[in-house]
Amino acid sequence: MAKNEPPFSIGIEEEYLLVHQDSLALAQAPDQLMEDCRAELEGQVSPEFLQCQIEIGTRVCANISEARDDLKRLRSSVAKHAAKYDLAPIAASCHPFGDWKEQHHVNKDRYNDLKRDLAGVVRRMLICGMHVHVGIPDPDTRIDLVSQLSYFLPHLLAMSASSPFWQGEDTGLASYRLTVFDNLPRTGLPPHLSGWSEYDRSVQALVDIGVIEDSSKIWWDLRPSSRFPTIESRICDVQPRLEHTLSLAALTQCLTRMLWRLKAKNQRWRVYDNFLIGENRWRAQRYGIGGGLIDFGVGEIVSFDTLLEEMISLVAQDAEALGCTTEVEAARSFLASGISADRQRAVYQDSIQAEKPSDESMRDVVRHLIEEFHADL
């Protein structure tokens, strides 16, 4: 490890939806299910805003191998306990045919406050995401790297998109989740900040006014964590397959180290205006990996396969140093098998071609998501 090199430790949070194994519709989590999970998972599981959701978080992991073991344990445990109640978890950012108007939020102070403060906007939050934490102890370094890492958020979103359907309809988007989440305040791309002091002053201004109680109510796509000495990437849709989660987490970890490596040599990635990064964010949200992204250096739209190969090459030495070359190179599987949004649409179209009605075809998509959740366990 170089002098003053951060640990680049990694932590992963995922949100799952619970469905009935028979009807495949959304299900409220029984209190006993949460108690069963808590008893086994020692504070690594919690309810989410809606009663049909459950959230897990890995321990602080030194490397991606540790993260794999912990995440597999967490996913396996949730699936095992859910099965006792004829339920199954799915890791997709939107349920293909669930209706937000039929869901109820968890009766906890935090969620009651959210319902009061955010009114009708928060009621539509029938969405799930994944968050990746990368350990960076120095606060000013965290802010500096957040500004640079923002460039790559659309790339990560494009590969992760897993929410093409909403309330039984194909939205035409690869990640419909963001259209829902972006209605909340304090979301979207992080602003460019000069350092930790500017960030702290901005947060404190809202705290002093009484608008928020702390920085946990800032929900940018990428932020300094409110609880840990980490950069927290929040851009990604949750992944049906565990190995895809690990590839995205490894890429996030390696990109962070690559940018730190530049900083250590008095270099940096060019910081583009959010207006431009936002255009790529939209392209990723709309097309996934199918429409390409804008390379602002060359001034043209570049195919995603080219961009991914460039990104893998860019972080090759970081992947080697962090012991995650296999996971980073496995990101090519998004090109080979399609992202989750593509796979879900393919299942739906195959069912329609088999002359199944639309509602049964949607249930086939949920069956597919259950299978993918269990595939790597």
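**Salt bridges and helix α2 in the predicted model**

The side chains of D144 and R268 form a salt bridge, with an N to O distance of 2.9 Å. This pair links distant parts of the chain: D144 belongs to helix α4 (residues 139-149), R268 to the loop between α8 (242-264) and α9 (274-287), and the two positions lie 124 residues apart in the sense that they are 124 residues apart. D144 is buried, its relative accessible area being 15%, whereas R268 is partly exposed at 46% relative accessibility. The model in which this pair is found is a predicted one.

A second salt bridge joins the side chains of R345 and D170, at 2.8 Å from N to O. Here too the pair links distant parts of the chain, with R345 in helix α14 (residues 340-353), D170 in strand β7 (residues 169-170), and a separation of 175 residues. D170 has a relative accessible area of 39% and is therefore classed as partly exposed.

In the whole structure, 31 salt bridges are found. Among them is the pair of E40 and K80, whose closest N and O atoms are 3.0 Å apart. Because E40 lies in helix α1 (residues 31-41) and K80 in helix α2, the pair ties together parts that are 40 residues apart in sequence. Both residues fall in the partly exposed class, E40 with a relative accessibility of 31% and K80 with 44%. Salt bridges also link K356, D359, E360, R363, D364 and R367 in a network.

E40 takes part in a further interaction with helix α2, a polar contact of 2.6 Å between its side chain and that of H81. H81 is located in helix α2, which covers residues 64-83. At 8% relative accessibility, under the 20% limit, H81 counts as buried. When residues up to four places away in sequence are left aside, H81 touches L33, D36, C37 and E40.

Helix α2 consists of 20 residues and extends 28 Å from its first C-alpha to its last, close to the 28 Å expected at 1.5 Å a residue. At the N-terminal end of α2, N63 acts as a cap, with a side-chain oxygen 3.2 Å from the backbone nitrogen of S65. The buried residues of α2 are I64, A67, R68, D70, L71, L74, R75, S77, V78, A79, H81 and A82.

The protein as a whole contains 15 helices and 13 strands. Its radius of gyration is 20 Å, close to the 21 Å that the globule rule gives for 377 residues, so the protein is as compact as a globular protein of that length. The C-alpha trace spans about 60 × 45 × 35 Å along its principal axes. Of the 377 residues, 58% are buried. Among contacts with a separation of 6 or more, 77% are between residues 24 or more positions apart. The accessible surface amounts to about 15,400 Å², and carbon and sulfur atoms contribute 48% of that area.

Terms used: Residues numbered from 1 in each chain as written. Predicted model: local features only at pLDDT ≥ 70, side-chain atom pairs only at ≥ 80, totals over all residues. Heavy atoms only, no water. Helix = DSSP H or I, 4+ residues; strand = E, 2+ residues; numbered from the N terminus. Buried < 20%, exposed > 50% of the residue type's maximum accessible area, 1.4 Å probe, protein only. Polar contact = N/O pair within 3.5 Å; in protein donor to acceptor, adjacent residues only side chain to side chain. Contact = heavy atoms within 4.5 Å. Salt bridge = Lys/Arg side-chain N within 4 Å of Asp/Glu carboxyl O. Rg over C-alpha atoms; globule rule 2.2 N^0.38 Å. Areas by Shrake-Rupley, 256 points an atom, 1.4 Å probe, with all protein chains shown as cover. Expected span 1.5 Å × (residues − 1).
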